[in-house]
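Reader: Hello! I am new to this structure and would love a close look at one part of it, the place where the two chains meet. Could you walk me through it?

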Amino acid sequence: MNNKTTQQFRKKIGRENHDMYGFAVCWCLALLLIPIGELNTEGLIGEDFGIFHIVMAGLLMIIASNSYVSKYMNIYLGNEVEKKGIGLIGKEELTAILRYHGFDVTGYYKELMMRFIPMQLFGLTALTAGGCAGIIGKHVMVLFLAAVVIIPEIVFLIRYLKTAYELQHEKALYYNFIEGLWNGIYSLIRLFTVGIVMIMLDIVLMALAPSTVLMKGISDTEVVCFYIGGGWLIMVLIISVLLMGVYLTDIDRDMMAFSFVKMRKLILAGSIAVFILTVAAYSFISINANICVRENSFTIKEGGSIREYAVEDIAAYRVYGKDVLKMEITFKDGTKTQLFRDGAESTTAWSDKYYSDFNYAAELTGKLSALGVQGSIDDKDKLQAYVNGLDQPCRDGYDQILRNLGAAADQ
Amino acid sequence: MIEAKNLKFKYGSFGADKFEIKDVSIKPEQGYISCLLGRNGSGKTTLLKLLYGVLKSRGGSVFWNGEKLSLRNIPAYRQEAAFVGAGGWCADELSIKRNTEILSTLYTGFDNAYYEELIDMAGLAGDMDKICMSLSKGQRMKAEIVFALARRPKFLLMDEPLANLDPVFKTDILELIQKSVGENETGVLLSTHLCDEISDIVDKIYVIEDGRISRSGSRFELLGAAGERDLKELF
């Protein structure tokens, strides 16, 4: 059995069991349960689920992965025989009939793993979108990004070992375990190649477009940083590109089994259009709506106007945020602006001087404290919880901000 | 080329003297019909399963084109070798037609046109949509043989292909085998204890007794130049 016959056999079984898309439903339910559960922990919908949603989502992913393998390791009898039991369709395991055939179990499972990549890409897309939108907490997002990658690999390995044990004349557990691991590694390499390369390409494109314009005429030795809005567009871009990845890898149409997504060309065209529009929109927003920060001055560009301020022009400031540091400053003329935005472009000199936004904010609040400018802090507990997971320089910066706020309050 | 050298096998782990196959060397040739002749329980089925890689030997090895048979090369080996008589070659609750559509995708050499020809020859054309479990033993055996032959294998291992069949079916099956050997140079090794049915078609005979090859040679060598002794006398 070579690659071609393996693919042919898999396609044949897939077509025979074309209506067995329960695994896709389970997978999508798991991805849906995560944001619902996360919103619940915020108290937004009904009672707090605790970690129930996390456990259930994990279980659903295991069920989905196992169900996917079962689709390709069973012959579902459909209309050929009377349905057995209530709502159940009779099935026969392929292992019962493949023992005397030229069936390459290792190659077959490798093929199955490759074809599950669209599901994993879709999971990565949904989780990334949820995380960027703030619906899913960063820790839960990271947990399930790992789960989307690892859970199917483990389930496939176990099913592979079971099938190999049943089919092979030699019960070579160690040999099969190594072969199964290689299959998993190969599948992960493919997944990361498709997913990560696409995402990195997004980010490079998104950064390249505005930075070439914004940094024109500015030396890298100047301490300058541009804070840019429209970062949520990165989420849109990632979604569109990963959906393109799902389309390109979903050769068996497992993800596109539902009738309303059968318009493949339309989906691809839509993804490409969204990709182009998003890059263009982000470039436009970055260039036309940003705040240029230097050590002692601010240049705000928005709505077609450009206004320049000095540190001494700041009347008040507010520090807040949950999973990211935010700072709102109010100038003496009443203008309010958000300092730390979704995106940033800075010179090398800025990066060398300030390890993070916390460190710049520490310096700024120090100057404002010396000027007697009143500041306030909201979401102190949430910020503290966020900062506790960061590097030491960031924690030092945050501590300095708190001291500066305290010093300003004392004046 | 398939060759077995010094094969040993026993079921289970205990009992040193309980080897079912004891130091067997055998080399069926392509283009000829070889017969594994022996009583019930002599080790015919076990030897065929060892040759096909369904069982792992406890000693000795099976070689395919000079390469030792292992987990790595068995799928490729089975593209060229077929086994008939296992009984579990297809899904019982599917029709012959659906089984063939699915299982034929496993083989690069499966010849659909030849398969149609063989189906007609075997008289199965009207049974293609019948569920396999509803077919008689003879029909199932014919379907299995036809599927195996349509793969155009270089070697065909057959375990008691004529057992419990009526004379008409036996004649059909023997014709199918001879056709394949003649047209495709297929090497056939079939096992049987029914000496009379195969005496006219076999080229080489291996007599297996108590897990050992007690005698082997061409039909004429074993039966003598006179040809009047029949195979029963070989036991």
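Author: Gladly; here is a tour of the interface, followed by a short look inside each chain.

Please keep in mind that this is a predicted model. Let us begin with the extent of the meeting place. The size of an interface is often given as the accessible area lost when the parts come together. Here, about 3,000 Å² is buried between chain A and chain B, and carbon and sulfur atoms give 59% of that area. Counted by residues, 30 from chain A are in contact with 33 from chain B.

Next come the polar links. Side chains of opposite charge can pair when their charged atoms come close. The rule finds three salt bridges across the interface of chain A and chain B. One of them joins K12(A) to E101(B), with 4.0 Å between the closest N and O atoms. Eight residue pairs are also found in polar contact across this interface, both partners being at pLDDT 80 or more.

Which elements of chain A give two or more residues to the side that touches chain B? They are α1 (3–16), β1 (74–76), α4 (95–98) and α8 (173–214). Helix α1(A) provides the largest share of that side, six residues. Sorted by class, the side of chain A that touches chain B has 14 nonpolar, nine charged and seven polar residues.

Now a look inside chain A. Helices α3 (residues 52–73) and α7 (residues 138–167) of chain A pack at an angle of about 35°, and their axes are 9 Å apart. The crossing of α3(A) and α7(A) is right-handed. Among the residues making this contact are I54(A), M61(A) and V69(A) of α3(A), together with L143(A), F144(A) and I151(A) of α7(A). By class, the contact of α3(A) with α7(A) has 16 nonpolar residues, five polar and one charged.

Finally, over all chains, the whole structure holds 23 salt bridges. Within chain B, D210(B) and K22(B) form a salt bridge at 3.1 Å, N to O. D210(B) sits in the loop between β9 (204–209) and β10 (212–218) of chain B while K22(B) is in strand β2 (residues 21–26), so this pair ties together parts 188 residues apart in sequence.

Terms used: Residues are numbered from 1 along each chain as its sequence is written. Chains are lettered from A and ligands numbered from 1 in the order in which they are written. This is a predicted model: local features need pLDDT of at least 70, side-chain atom pairs count only at pLDDT 80 or more; totals for chains, interfaces and linings use all residues. Side-chain values use heavy atoms; hydrogens and water are left out. Contact means heavy atoms within 4.5 Å. Buried area is the accessible area (1.4 Å probe) that two parts lose on being put together, summed over both. A salt bridge is a side-chain nitrogen of Lys or Arg within 4 Å of a carboxyl oxygen of Asp or Glu. A polar contact is a pair of N or O atoms within 3.5 Å; within protein, one must be able to donate a hydrogen and the other to accept it, and residues adjacent in sequence count only if both atoms are side-chain atoms. Helices (H or I, at least four residues) and strands (E, at least two) are DSSP runs, numbered from the N terminus. Ala, Val, Leu, Ile, Met, Phe, Trp, Tyr, Cys and Pro count as nonpolar, Asp, Glu, Lys and Arg as charged, and the others, Gly among them, as polar. Axes are lines fitted to C-alpha atoms, for helices over the stretch in contact, and angles run from 0 to 180 degrees between N-to-C directions. A crossing is left-handed if the near helix is turned anticlockwise from the far one by less than a right angle, and right-handed if clockwise.
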